[in-house]
Amino acid sequence: MAAGESSLFSIKIQGCGFASRSKYLFGSVSMKIKLVPGDSAGTVTAFYMNSDTDNVRDELDFEFLGNRTGQPYTVQTNVYVHGKGDKEQRVNLWFDPSADFHTYTILWNHHHAVFSVDGIPIRVYKNNEARGIPFPKFQPMGVYSTLWEADDWATRGGLEKINWSKSPFYAYYKDFDIEGCAMPGPANCANNPRNWWEGATYKQLSPAQARQYRWVRMNHMIYDYCTDKSRNPVTPPECMAGI
């Protein structure tokens, strides 16, 4: 592998991963990742933030769902707030993420959490506390990445199983970047409006980002829990409020 790169690999029944040394309360985290190439069905490569609290955890997830060779790579995002998850959205990536490195970013501030791919927003989870909807803002979260076996659900709902003859499965990483309030830290850090990620530019998507976001949702989104009536006969309140 090239200098400055690291890798994760998965073998049968096992997984692997790494984590940040500190937890953060608001900020921006990004990583350049080259995903598992070839037949990666049944594997999940995840890049996420997690409060690591059992019953009331907060979590912001990128989960890259492995596929059979030649099929689009799907990224699933999920949000846990105060222990409640089940907020999955899935997008088919518009490029081959196993051919080269691409940048995956989570921006988290008091206004929203934004998941971006190469600077293009694919998911926005807004702070709608004014409408009585919880938002992750009290628990610091660590930054993690894992590569693991999930062939009971990851590819076509579990229909495509891992081909262990293709193992080990490798994902490659570089340019890990965290800018945020490391906890414990100064008492006013997380609420300091001078933090760049809390600035006016980052309170909402720019007009150009909003156009990109609409393009992703219109052309590449393949699943949205908000519109899944089999799971949610009553539309979740955050969907009604706009996410």
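The following dialogue examines a predicted model, taking its sheet, one annotated site, its disulfides and one lysine in turn.

Student: In which order do the 7 strands of the open sheet stand?

Tutor: The pairing in this open sheet is antiparallel. The twist from one strand to the next averages 15 degrees. Across the sheet, the 7 strands follow the order β2-β11-β4-β5-β6-β7-β13.

Student: Which strands stand at the edges of the sheet?

Tutor: A strand at the edge has a single partner strand, so one side of it is left without a neighbour in the sheet. This applies to the strands at residues 16–19 and 221–224, which are β2 and β13.

Student: Which residue of β6 is the bridge partner of L65?

Tutor: Strand β5 covers residues 59–65 and strand β6 covers residues 74–80. These two strands pair in the antiparallel sense over 7 bridges. In β6, the bridge partner of L65 is T74.

Student: At about what angle does helix α1 run to β13?

Tutor: Helix α1 comprises residues 207–219. The helix lies across two strands, β7 (89–92) and β13. Its angle to β13 is about 85 degrees.

Student: Is N67 buried or exposed?

Tutor: N67 is covered by the UniProt annotation "glycosylation site", which comes from an unreviewed entry. The residue lies in the loop between β5 and β6. The limit for a buried residue is under 20% relative accessible area. N67 has 6% relative accessibility and therefore counts as buried.

Student: Which residues does N67 touch, not counting those up to four places away in sequence?

Tutor: N67 sits in the loop between β5 and β6. With residues up to four places away in sequence not counted, its contacts include T155. The full set is G38, D39, S40, A41, P72, Y73 and T155.

Student: What is the handedness of the disulfide of C181 and C189?

Tutor: The sulfur atoms of C181 and C189 lie 2.0 Å apart, and a disulfide joins the two residues. Both C181 and C189 are buried. The torsion about their S-S bond is about -90 degrees, so this disulfide is left-handed.

Student: Where in the chain do C226 and C239 lie?

Tutor: A disulfide joins C226 to C239, with an S to S distance of 1.9 Å. The link is left-handed, with -75 degrees about the S-S bond. The pair links distant parts of the chain, 13 residues apart: C226 is in the loop between β13 and α2 (237–241), and C239 is in helix α2.

Student: What relative accessibility does C239 have?

Tutor: Its disulfide partner is C226. C226 counts as buried at 10% relative accessibility. C239 also counts as buried, because its relative accessibility is 16%.

Student: What is the pairing when the bonded cysteines are numbered in sequence order?

Tutor: The count comes to 2 disulfides. One joins C181 to C189, and another joins C226 to C239. With the bonded cysteines numbered in sequence order, the pairing is 1-2, 3-4.

Student: How far apart in space are K203 and H110, C-alpha to C-alpha?

Tutor: K203 is found in the loop between β12 (169–183) and α1. In sequence, K203 and H110 are 93 residues apart. In space, their C-alpha to C-alpha distance is 8.1 Å.

Student: Which residues are in contact with K203, leaving aside neighbours within four places in sequence?

Tutor: K203 has a relative accessible area of 42% and is partly exposed. With neighbours within four places in sequence left aside, K203 is in contact with H111, H112 and E198.

Note on methods: Residues are numbered from 1 along each chain as its sequence is written. This is a predicted model: local features need pLDDT of at least 70, side-chain atom pairs count only at pLDDT 80 or more; totals for chains, interfaces and linings use all residues. Side-chain values use heavy atoms; hydrogens and water are left out. Two strands pair if DSSP finds at least two bridges between them. Helices (H or I, at least four residues) and strands (E, at least two) are DSSP runs, numbered from the N terminus. Axes are lines fitted to C-alpha atoms, for helices over the stretch in contact, and angles run from 0 to 180 degrees between N-to-C directions. Contact means heavy atoms within 4.5 Å. UniProt positions are given in the numbering used here, feature names are shortened, and annotations may be inferred rather than shown by experiment. Buried means under 20% relative accessible area, exposed over 50%, partly exposed in between (1.4 Å probe, protein chains only). A disulfide is a pair of cysteine sulfur atoms within 2.5 Å.
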